[in-house]
Amino acid sequence: MKNTIKEIRKAMKMSQDELAKKCNVTRQTVNAIENEKYDPTLLLAFKLSKNLHCKVDELFIFEEEI
């Protein structure tokens with residue numbers, strides 16, 4: 001699943017570590033999500049959206065596989 005977390009996070013001048021601490025996860029987790037190697041749980045998706053001040057559907061772009 002594609003996402004815009006990195007772009008939004010950088011626009012807010014926030015590091016991966018800062019975002020990770022706010023969401024109670026590791027920096028490696030944030031990195032894996034940003035690089036589309038890991039899809040977060042629904043709870044984590046909501047934590048990310050809250051801390052990035054946007055809606056969940058603004059962070060994640062669903063592309064159905066054919």
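Searching this whole predicted model turns up three salt bridges. Let's work through them.

**Exercise 1.** Find the partner of Lys-2 in a salt bridge, and say where each residue sits.

*Solution.* Start with the contact: Lys-2 pairs with Glu-36, and their closest N and O atoms are 4.0 Å apart. Next, place them on the chain. Lys-2 belongs to strand β1 (residues 2–3), while Glu-36 is in the loop between α3 (27–34) and α4 (42–51). That's a separation of 34 residues, so the pair ties together distant parts of the chain. Finally, check accessibility: Lys-2 has 39% relative accessibility, so it counts as partly exposed. Glu-36 comes in at 38%, so it's partly exposed too.

**Exercise 2.** Work out whether Arg-9 and Glu-34 are buried or exposed, and what their side chains form.

*Solution.* Look at the side chains: Arg-9 and Glu-34 meet in a salt bridge, 2.6 Å from N to O. Now the location: Arg-9 is in helix α1 (residues 5–11) and Glu-34 is in helix α3, 25 residues apart, which makes this a link between distant parts of the chain. As for accessibility, both residues are buried.

**Exercise 3.** Describe the salt bridge between Asp-17 and Lys-21, and name the element that holds them.

*Solution.* Take the distance to begin with: the N-to-O value for Asp-17 and Lys-21 is 3.2 Å. Then the element: both sit in helix α2 (residues 16–23), four residues apart, or about one turn of the helix. Last step, accessibility. Asp-17 is at 35%, so it counts as partly exposed. Lys-21 reaches 62%, and the cut-off for exposed is over 50%, so Lys-21 counts as exposed.

Terms used:
Residues numbered from 1 in each chain as written. Predicted model: local features only at pLDDT ≥ 70, side-chain atom pairs only at ≥ 80, totals over all residues. Heavy atoms only, no water. Helix = DSSP H or I, 4+ residues; strand = E, 2+ residues; numbered from the N terminus. Buried < 20%, exposed > 50% of the residue type's maximum accessible area, 1.4 Å probe, protein only.
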